[in-house]
Amino acid sequence: MAAGSLLLTTSNAGCSPDQSGMKGKSGGTPLNLRFRPFELQLKHVFTLAGSSRTTTPVVLTELECDGVIGYGEASLPPYLAENQESVAAFLSQLDLSQFNDPFLTEDILDYVFGIAPGNYAAKASVDIALHDLAGKLTGLPVYRMLGLNPAKTPVTSFTIGIDTPEVVRQKVREAAGYRILKVKLGRDNDREMIETVRSETDVPLCVDVNQGWTDRLMALDMVNWLAEKGVEFVEQPMDKNAKDDLAWLTERSPLPIIGDEAVQTLEDVVPLKGVYSGINIKLMKCGGIRAAHKMMVLAKALGMEVMIGCMTETSCAVTAAAQLSPLVRWADLDGNLLISNDQFDGLMVEEGRVVLPDRPGVGVVVQ
Ligand code: MG
């Protein structure tokens, strides 16, 4: 029938990369968003300065257009404000069927970001799926769509959580092959943690205090000691609200001081110049690839160092973050390695360096 033929024609045209696309119900195949909750199992108990856990809840998303599926993910560690229920509530509010051209990334994500404030992990789960879908429809990896050189990926750190010396030594042995280790500090055994790691390896270290230090003089003492121990930078040494103390420390520190908990979105970057030497950007904090890319450009323009990190999450979200890694000085992209039930195959780490998959989109396949 004529109507059916017309529908088929416009349906095929809707997701073609060379179509200008139309917003509305009048043509093309509407974007179809699906999502499901999933529980990540951690290989080790994960202990930070403030908490311990053995699982991480996530929500896995799929964005489909003309039979092509883009994959996304929201990772929801307990210290963030979001959870599986809030992500489901947010995603249920979206009507992406009003869009039939996934290449209108700015329009689509402006709509998604405008639905409600916050909900950045939920927004990231759409952003990642959208970039994956657009890449698959063009046959290009996201890094190529952004003009980034895959030969310029950084080395990535492997995280050693706070634990007993015996477990720490075991974790360091498991991390053989990594060229930088990230050691979690901020409890009462910081020097013991470093000495234990150093008893196993001479590789460069970075440390993440997760706001655990409370006194700036003690913090400066520790930073000076850490510099002698082959530490390259210190992440979030004190409470994110202690800006004067952090600026004081950054001014005197022999090591770069990187903000993590203090920086979430694009709006946070400019006020933190002078407070930190650099920032740790994560897709789950800022709302995905588009937002993270803008933050990187802005921070670099301000003369700040840029690091990219991740949550405990599947290879989907970690590989999405890795697409931006040619732009950063440091990467901490090991979240997929900390779980035992990854749902995707994606980035590789070879000789400690991020290797981007030669696949279109985010570069993951379902395992
Ligand atoms: Mg951190």
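## Core packing, parallel strands and salt bridges in a predicted model

L333 touches T156, S157, I308, G309, C310, V318, A321, A322, S325, L347 and V354, leaving aside residues up to four places away in sequence. The structure described here is a predicted model.

L333 also belongs to the largest nonpolar core, which has 108 residues. L333 is among the residues with the most contacts inside this core, together with L96, W213 and L226. The element that gives the most to this core is helix α4 (residues 120-138), with 9 residues. At least three residues of the core come from each of domain 1 (8-139) and domain 2 (145-366). A second core, separate from this one, has 6 residues, including I180, I258, M307 and W330. In soluble globular proteins, nonpolar side chains tend to be buried together.

Strand β7 (residues 231-235) pairs with two other strands. Strand β6 (residues 205-208) runs parallel to β7 and is joined to β7 by 3 bridges. Within this pairing, V207 stands opposite V234 of β7. β7 and β8 also run parallel, with 2 bridges between them. Here E235 has I258 in β8 as its bridge partner, and I258 is also one of the residues of the second core. Is strand β7 largely enclosed or exposed? Of its 5 residues, 4 are buried, so β7 is largely enclosed by the rest of the structure.

Helices connect these strands in sequence. β6, helix α8 (residues 216-228) and β7 form a right-handed β-α-β unit. A right-handed β-α-β unit is likewise made by β7, helix α9 (residues 243-252) and β8.

Beyond β8 (257-259), the loop that leads to β9 (278-282) contains P271. P271 is partly exposed, its relative accessible area being 47%. From P271 to Q367 the C-alpha to C-alpha distance is 42 Å, and the two residues are 96 residues apart in sequence.

The model has 19 salt bridges. Three of the pairs are set out below.

| Salt bridge | N to O distance |
|---|---|
| D132 and K136 | 3.0 Å |
| K184 and D208 | 2.9 Å |
| R359 and D345 | 2.8 Å |

The pair D132 and K136 lies within helix α4, where the two residues are 4 residues apart and therefore separated by about one helical turn. D132 counts as buried, at 0% relative accessibility. K136, at 25% relative accessibility, counts as partly exposed.

The pair K184 and D208 joins two strands: K184 lies in strand β5 (residues 181-184) and D208 in strand β6, so the salt bridge ties together parts that are 24 residues apart in sequence. Both K184 and D208 are buried. These two residues are also linked with K182, E235 and D332 in a network of salt bridges. Through E235, this network includes a residue whose bridge partner in β8 is I258.

The pair R359 and D345 forms a salt bridge at 2.8 Å, N to O. This pair links distant parts of the chain, 14 residues apart: R359 is in the loop between β14 (353-355) and β15 (365-366), whereas D345 is in strand β12 (residues 344-345). R359 is partly exposed, with a relative accessible area of 25%. D345 is partly exposed as well, with a relative accessible area of 28%.

Definitions and conventions. Residues numbered from 1 in each chain as written. Predicted model: local features only at pLDDT ≥ 70, side-chain atom pairs only at ≥ 80, totals over all residues. Heavy atoms only, no water. Core = buried A, V, L, I, M, F, W, Y, C linked by side-chain atoms within 4.5 Å. Buried < 20%, exposed > 50% of the residue type's maximum accessible area, 1.4 Å probe, protein only. Domains from an automatic or database assignment. Contact = heavy atoms within 4.5 Å. Pairing = 2+ DSSP bridges. Right-handed = clockwise from strand over helix to strand, strands pointing away. Salt bridge = Lys/Arg side-chain N within 4 Å of Asp/Glu carboxyl O.
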